[in-house]
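Here is a short tour of the model you have in front of you. We will look at one covered helix and then at some charged pairs.

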Amino acid sequence: MQAGSPSGISQALAQFIAHCHWEDIPEAIRHEARRSLLNYFAVALAGALDPTLDIAVATYGRFAASRQASLVGRPERFDMLNAAALNAMSANVYDFDDTHHPTIIHPTAPVAPALFALAQAQRMSGAELLLAFVLGVETECRLGNAVSPGHYARGWHITSTCGVFGAAMAAGKHLALPSGQLVWALGSAASQAGGLVETLGTMAKSVGVGNAARNGLLAALLAQQGFDGPAAPLEGARGFLRVTADQPDLSTVTQGLGEHWQLAANTYKPYPCGVVLNPVIDACLALAADPRLRQAGPAGIERITLTGHPLLRQRTDRPAVATGRESQVSAQHAVAVALARGRAGLAEFSDSAVRDPALCELGAKVAVREAEGYSVDAVQVRIDLRGGMQLQHSVEAARGSAARPLSDSDLEQKLRELGGAARPGWNAAPLIDALWRLEDAPDAAQVMALAA
């Protein structure tokens, strides 16, 4: 069946997933999978203690069906569906997780938690988990390519909407579903795809990300039991791609399958905020070290102008934010905190930082402009000082982008810092070692034992 026929794309994708083997995965992609999981546990350990998780754990706990699976960074145990949801929330709550370009999907948060929950319910080797993970990411990012950029621009939260398909195919691969049942799982995933950009900066965003992991896993389990679905859930006349995008590029779903891997386009953030703010922070940290700005001080700044990709203005032009969560997607706050404090870690995107009057005053001087020709990794920051002097710094590729990726040692350090932030004396070495050696592990669930 041809991928371009009315029911060909869903079938072709399912057949690829069903027949792909670990030996088919290039070593560079295997390594990127391990890097993605290293970053996943770093951000999930940090997010596990956020109030969002406290509320969600208490509420979901009222409906937990069993205690099969553990939570990253917490002592509670849950059934695998709710554990998948909660661990996905933890990974994405601080907007510190990985980012696929050009879709801006955070690919690991929906997929890894579903697999680790499943691994605790039924034995899965490290290589089996890694293969399923690679294929889950491949699925969600290819669907993201097909609906971008209109999907996100219309207000769909693409990590949630596409992530449910990644979780479904990852779980389906481990369950050894044949291609027909994988198509059914795509159908159940499609009927549960949801999430809105309007929720960014609030706890409600985490519901969509959690549901992507939970509902994707559920879709695979239903298909395993014979729960059927449409023949063309992706490309059908009322399928996911055509409903959620005006002009989906259907060819990107299957073109080059097994040759061009989406994990090769995965990147990792150095700062806990929306990815379009990374170049802004890079530029502002550079300007903060300028002796002329130090001499002028915040009072000497008349205005600050950011020029960048349209998404910078559309998603982060948010003055006067009220919470740390909102500050993660506020250009005004990011600029103020980077210039005034010379750093941009979790403490700088907290409720207490948002309440700092000096930061509020400085942020009020920020204006955001969009211009053609800028990538999401680039920006120009211009500071007009009283008296007429101008300071300017441009970033063509932000730290953490594909052009300037975080190294393996950077990711290890990120895990140490985020995992140990609220856990004095915690030793990250066993978890780091287990993740690098995961391919050879007979039981992938042992990683969760180290992270719980």
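A residue is called buried when its relative accessible area is under 20%, exposed when it is over 50%, and partly exposed in between (1.4 Å probe, protein chains only). Helices (H or I, at least four residues) and strands (E, at least two) are DSSP runs, numbered from the N terminus.

This is a predicted model, in which local features need pLDDT of at least 70 and side-chain atom pairs count only at pLDDT 80 or more, while totals for chains, interfaces and linings use all residues. Residues are numbered from 1 along each chain as its sequence is written, and side-chain values use heavy atoms, leaving out hydrogens and water.

**Confidence**

The pLDDT, the predictor's confidence in each residue from 0 to 100, averages 95 over the chain, and 98% of the residues score at least 70. Over residues 1-6, however, the pLDDT is below 50. Where pLDDT is low, the predicted coordinates should not be read in detail.

**A covered helix**

Helix H16 (residues 331-341) is mostly covered, with nine of its eleven residues buried. Among them are His333, Val335 and Leu339. Glycine 342 follows H16 and has a positive phi, near 70 degrees.

**Salt bridges**

A salt bridge here is a side-chain nitrogen of Lys or Arg within 4 Å of a carboxyl oxygen of Asp or Glu. The structure holds 23 of them, and three are listed below.

| Pair | N to O distance |
|---|---|
| Arginine 34 and glutamate 439 | 3.1 Å |
| Glutamate 302 and arginine 386 | 3.9 Å |
| Aspartate 384 and arginine 303 | 3.8 Å |

The pair of arginine 34 and glutamate 439 links distant parts of the chain, 405 residues apart: arginine 34 sits in helix H2 (residues 27-47), and glutamate 439 in the loop between helix H20 (429-436) and helix H21 (446-451). Arginine 34 is buried, at 8% relative accessible area, whereas glutamate 439 is partly exposed at 22%.

Glutamate 302 lies in strand S5 (residues 301-308) and arginine 386 in the loop between strand S7 (379-385) and strand S8 (390-395), so their bridge ties together parts that are 84 residues apart in sequence. Glutamate 302 is partly exposed, with 36% relative accessibility.

Strands S7 and S5 also hold aspartate 384 and arginine 303, respectively, which are 81 residues apart. Is aspartate 384 buried or exposed? Aspartate 384 counts as buried at 6% relative accessibility, while its partner arginine 303 is partly exposed at 39%.

Finally, Glu302, Arg303, Arg382, Asp384 and Arg386 are linked in a network of salt bridges.

Methods:
Contact = heavy atoms within 4.5 Å.
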